[in-house]
Amino acid sequence: MPILLPETTQTSAGALTPRQIVAELDKHVVGQSAAKRAVAIALRNRMRRQKLTPELAEEIAPKNILMIGPTGVGKTEIARRLAKLAQSPFLKVEASKFTEVGYVGRDVESMIRDLAELSVDMVRAERLEDVRAKARQNAEDRLLDILLPPRPIAPDEEPAAGRDAQQQTSERFREQLRAGRLDTRTVELDVREKAFPSFEIIAGSSVEEVDINLKDMLPGLFQGKSKKRKVKVPEALEYLATEEEQKLIDMDSVARAAVDRVEQAGIIFLDEIDKIAGREGSHGPDVSREGVQRDILPIVEGTTVNTKYGMVRTDHILFIAAGAFHVSKPSDLIPELQGRFPIRVELEALGKDEFVRILTEPRNALVKQYIALMDTEGITLTFTDDAIRRIADFAQTVNEHTENIGARRLHTVLEKLLDEISFEGPDLSEKSVTIDEAYVTKMLADIVKNEDLSRYIL
Ligand SMILES: Nc1ncnc2c1ncn2[C@@H]1O[C@H](COP(=O)(O)OP(=O)(O)OP(=O)(O)O)[C@@H](O)[C@H]1O
Ligand SMILES: [Mg+2]
């Protein structure tokens with residue numbers, strides 16, 4: 001049976017040229033070629049570096065990227081799509097959610113711990129794939145032993161013959177098991193209960209450490225008690241297979257590989273970096289902003305962070321920071337941090353032409369989403385080209401006259417436009433609805449014209 005891989009993994013990311021990376025991003029994000037180019041080069045440079053001798057590779061630091069652009073123009077979207085492509089451990093965090101060390105909240109090192117966690121999941125999932133067949137086999141063997149306990153060899157029996165007979169019965173059972181003929185049978189299993197200690201939910205940054213220590217000290221408590229349970233054969237097989245998978249996977253080796261992958265290929269997307277810009281004094285009570293920047297600095301520059309899976313060096317992790325920088329400017333970041341993001345890319349504000357494309361071109365373009373949603377109720381929704389241009393036009397107008405929220409405006413405009421159809425949908429007698437320019441005008445013109453109204457509705 002052919003194994004169908006998801007589209008983006010068909011060509012492994014390791015082989016993608018910058019041009020191909022941009023082409024992949026183009027499928028989802030309209031325009032913004034400078035930003036796409038920059039991330040494509042950065043990603044490719046990671047691959048190039050990995051082909052070098054260790055001595056040289058050690059010297060080559062990643063060129064971190066700062067994406068600057070107004071809200072709603074695709075910064076986060078580019079990062080999200082890059083993550084899917086990169087197949088490297090990838091974490092997106094809001095810089096604004098960190099607090100200075102010593103204050104309540106998340107400390108910046110947690111991003112490295114989270115990234116390590118992600119990487120472990122990734123490596124474990126890959127290893128699982130490798131051992132799945134073997135685990136299944138072992139699980140079957142164990143289940144057959146339960147269904148068919150080895151019978152004692154009779155005193156007058158030839159030992160070899162007895163074993164053969166046992167073997168044959170067991171193979172017959174295996175066939176039946178695979179054919180699903182034993183599915184209604186019940187077996188008794190030793191089941192380990194998962195224990196979720198309630199005090200793991202304490203908020204705060206040191207939870208992870210509390211967690212590690214307790215787990216080390218009280219292993220029995222966290223592993224849960226084992227208990228006999230009667231379960232149906234398919235469930236038993238599932239349970240045993242999972243248990244066998246865990247046995248076949250060497251978690252120490254997974255942890256080592258995962259840490260290595262974080263160090264060599266990890267990418268951290270630091271969103272909303274502008275929210276922590278600003279120096280001490282200039283923002284009154286927000287004195288901790290500069291503190292957060294100072295805390296981030298060593299991580300971006302290269303330090304060692306202690307995680308559950310071992311020490312992680314951050315020297316070669318790629319950082320992509322993004323921010324609208326409406327109020328603050330990149331120059332409001334502390335100078336040391338500015339220097340750590342040598343590549344600056346500006347994302348352009350979006351206009352009517354881009355809106356037309358965003359509405360229709362990307363794989364999961366908004367218009368396609370609405371068409372698919374209505375299709376679930378047997379309604380064929382069509383948009384004329386004129387209507388699309390009108391929608392783009394209205395979105396642009398509202399952005400100009402109220403607040404420019406970029407492509408997010410399309411969401412609000414479309415939602416309003418389709419409000420009636422979305423509500424009436426199931427009850428409509430006419431199952432084919434065409435949205436034309438006249439309909440768009442009818443539904444939206446008054447709201448768009450009235451600035452106060454559009455402030456509230458769109
Ligand atoms: N260039 C674009 N092409 C396609 N879709 C876009 C583009 N820009 C924005 N969008 C859409 O608009 C929405 C918001 O975009 P995104 O989250 O990338 O904004 P952002 O630039 O990160 O803004 P913010 O500064 O507010 O975080 C998303 O749903 C995204 O699909
Ligand atoms: Mg964003």
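**Exercises: helix H5, ligand 1 and the core**

In H5 of this predicted model, the buried residues are Lys75, Ile78, Ala79, Arg81, Leu82, Leu85 and Ala86. Keep that list handy for what follows.

**Exercise 1.** Work out how H5 is built and what comes after it.

*Solution.* Start with length: H5 has 12 residues, and from first C-alpha to last it reaches 16 Å. Next, check that against the expectation at 1.5 Å a residue, which is 16 Å, so the span is close to it. Finally, step past the end of the helix: Gln87 follows, with a positive phi near 55 degrees.

**Exercise 2.** Find which helix gives the most to the shell around ligand 1, and sort that shell by residue type.

*Solution.* First, count: 18 residues surround the ligand, and Thr71, Gly74, Lys75, Thr76 and Ala407 are the closest. Then look for the top contributor, which is H5 (residues 75-86), with 3 residues. Now sort the shell: 8 are polar, 7 nonpolar and 3 charged.

**Exercise 3.** Trace a link from H5 to Ile320, and place Ile320 in the core.

*Solution.* Take Ala79, one of the buried H5 residues. Ile320 touches Ala79, and its other partners include Val39, Ile65 and Phe269. Now zoom out: the largest nonpolar core has 85 residues, and Val39, Ile320, Ile391 and Val413 have the most contacts inside it. Apart from that one lies another core of 9 residues, Ala139 and Leu182 among them.

**Exercise 4.** Decide where to trust the chain least.

*Solution.* Begin with the overall picture: mean pLDDT is 82, and 85% of residues reach 70 or more. Confidence is lowest in helix H1 (residues 7-10), with a mean of 34, and highest in strand E7 (residues 310-313), at 93.

How values were computed. Residues are numbered from 1 along each chain as its sequence is written. Chains are lettered from A and ligands numbered from 1 in the order in which they are written. This is a predicted model: local features need pLDDT of at least 70, side-chain atom pairs count only at pLDDT 80 or more; totals for chains, interfaces and linings use all residues. A residue is near a molecule or strand if its C-beta atom, placed from the backbone, lies within 6 Å of it. Helices (H or I, at least four residues) and strands (E, at least two) are DSSP runs, numbered from the N terminus. Ala, Val, Leu, Ile, Met, Phe, Trp, Tyr, Cys and Pro count as nonpolar, Asp, Glu, Lys and Arg as charged, and the others, Gly among them, as polar. A residue is buried if 20 or more other C-beta atoms lie within 10 Å of its own, exposed if 12 or fewer, and partly exposed in between; C-beta atoms are placed from the backbone. A nonpolar core is a set of buried Ala, Val, Leu, Ile, Met, Phe, Trp, Tyr and Cys residues joined through C-beta atoms within 7 Å. Two residues are in contact if their C-beta atoms, placed from the backbone, lie within 7 Å. pLDDT is the predictor's confidence in each residue, from 0 to 100. Lists of a residue's contacts leave out its neighbours within four places in sequence.
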